[in-house]
Amino acid sequence: MSGHFEDLVNLNMAAKAVNGIALNMTEMVNNLLTEVNLTAQPAVADDMFKKELWRKILDIIQGFLLMWGIITNSATVISLVRYSEGFSHHVCTLIKHQSFLDFSSCFCGFLILALPPYQATGNLSLDYAICHLWHGQLIYWYFMLASIHNLVYIAYERYTAILHPLKYKDITPTKTWLGILAVHIITCIIDWPLGFHARMNGAQCVPGYPLPGQLMIDLIKAFAVLSFFTEYFIPMLCFIYFYGMVIHAVYKKSKEGIGGSKSATMEKASAQLTRAA
């Protein structure tokens with residue numbers, strides 16, 4: 001069954017990656033559309049019609065990819081709950097947590113795509129919370145960033161299992177959940193400014209920053225630069241280091257085999273490496 005689980009996880013990661021590309025393309029088209037003057041000449045209006053058509057096509061593709069992510073992540077969680085034999089508690093918990101985060105990000109992305117924007121309820125307190133948490137896409141990006149950080153945690157888990165097996169044996173379920181808690185705490189610290197990409201204008205939620213002035217714009221720009229490092233660059237370096245060390249250790253141990261046979265350490269490392277995606 002482990003091969004089945006790995007296929008599900010790999011399909012899930014591929015769907016998520018393609019979905020991210022589609023989302024970025026859709027956002028690029030949306031940015032272009034906002035710059036087009038609706039009262040322009042017919043040639044410009046025709047160009048806008050073509051862009052609107054492409055946006056709808058991309059929305060349909062993105063919708064299918066999001067549904068695929070929802071289905072595959074749901075199947076992964078259900079499979080691991082029903083057939084968890086062959087997985088350690090630590091590995092099984094991390095993969096289920098990863099699938100839950102990916103399912104949540106895909107589900108939120110689908111709702112953002114399907115629901116009409118900026119719907120007010122009439123309750124100012126509730127509208128204020130919905131404006132910043134939902135329409136500012138704080139919840140959506142929370143699950144996206146938590147997914148990235150959890151992948152770093154999984155990479156560290158593989159690194160520890162193969163290069164530090166004695167230390168890995170000391171990992172208890174409590175330590176596993178403390179690591180997951182740390183993932184969410186780090187995500188909360190990094191993610192909260194995203195709620196300020198929308199603001200209340202009277203009784204309506206509109207795109208924009210909560211405070212006027214150049215200082216607010218400079219703070220948002222600084223946050224964007226910081227986000228690049230904390231959300232993408234540093235995790236990428238972690239992936240390269242952890243998995244690079246794992247590959248190097250496995251390759252080095254493979255050279256220690258006698259008579260073309262693998263050593264016991266190599267076999268154990270290979271099993272640990274392939275047990276989780």
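How much accessible surface does the chain have, and what share of that surface belongs to carbon and sulfur atoms? In this predicted model, the accessible surface of the chain comes to about 16100 Å², of which 71% belongs to carbon and sulfur atoms, with areas obtained by the Shrake-Rupley method using a 1.4 Å probe and, for residues, with only the protein chains shown counting as cover. Because the model is predicted, local features were required to have pLDDT of at least 70 and side-chain atom pairs pLDDT 80 or more, whereas totals for chains, interfaces and linings use all residues. Residues are numbered from 1 along each chain as its sequence is written, and side-chain values use heavy atoms, with hydrogens and water left out.

The pLDDT, the predictor's confidence in each residue on a scale from 0 to 100, averages 75 over the chain, and 71% of the residues score at least 70. Over residues 1-11 the pLDDT stays under 50, and the model has 17 contacts beyond four places in sequence for this stretch, a contact being heavy atoms within 4.5 Å. For residues 31-40 the pLDDT is likewise below 50, with 9 contacts in the model beyond near neighbours in sequence.

The chain contains 9 helices and 2 strands, assigned as DSSP runs (helices H or I, at least four residues; strands E, at least two) and numbered from the N terminus. Along the sequence these elements follow the pattern α-α-α-α-α-α-α-β-β-α-α. Among contacts between residues at least 6 apart in sequence, 74% join residues at least 24 apart. Of the 277 residues, 36% are buried, where buried denotes under 20% relative accessible area, exposed over 50%, and partly exposed in between (1.4 Å probe, protein chains only).

The largest nonpolar core, a set of buried Ala, Val, Leu, Ile, Met, Phe, Trp, Tyr and Cys residues joined through side-chain atoms within 4.5 Å, has 13 residues, of which Tyr140, Trp141, Phe143, Leu145 and Leu194 touch the most other members. Helices α3 (89-114) and α5 (138-163) each supply at least two residues of this core, and α5 gives the most, with 8 residues.

Several buried positions were examined individually. Serine 99, found in helix α3, is classed as buried because its relative accessible area is 1%, and this residue touches Asn73, Thr76 and Val77 when residues up to four places away in sequence are not counted. Valine 183, in helix α7 (residues 173-191), is buried with a relative accessible area of 6%; leaving aside neighbours within four places in sequence, valine 183 is in contact with Ala146, His149, Asn150 and Tyr153. The C-alpha atoms of valine 183 and isoleucine 148, 35 residues apart in sequence, are 9.3 Å apart in space.

A search of the whole structure finds 1 salt bridge, defined by a side-chain nitrogen of Lys or Arg within 4 Å of a carboxyl oxygen of Asp or Glu. The side chains of glutamate 157 and arginine 158 meet in a salt bridge at 2.4 Å, N to O, and both residues are buried.

At the surface, Val225, Phe228, Phe229, Tyr232, Phe233, Ile234, Met236, Leu237 and Ile240 make a nonpolar patch of about 830 Å². Patches are made of residues with over 30% relative accessible area and no salt bridge, like charges being joined within 9 Å and nonpolar side chains (Val, Leu, Ile, Met, Phe, Trp, Tyr) within 5 Å. Isoleucine 240 lies in helix α8 (residues 214-254) and is exposed, with a relative accessible area of 54%. Isoleucine 234, also in helix α8, is partly exposed at 43% relative accessible area, and its C-alpha atom is separated by 9.7 Å from that of valine 152, 82 residues apart along the chain.
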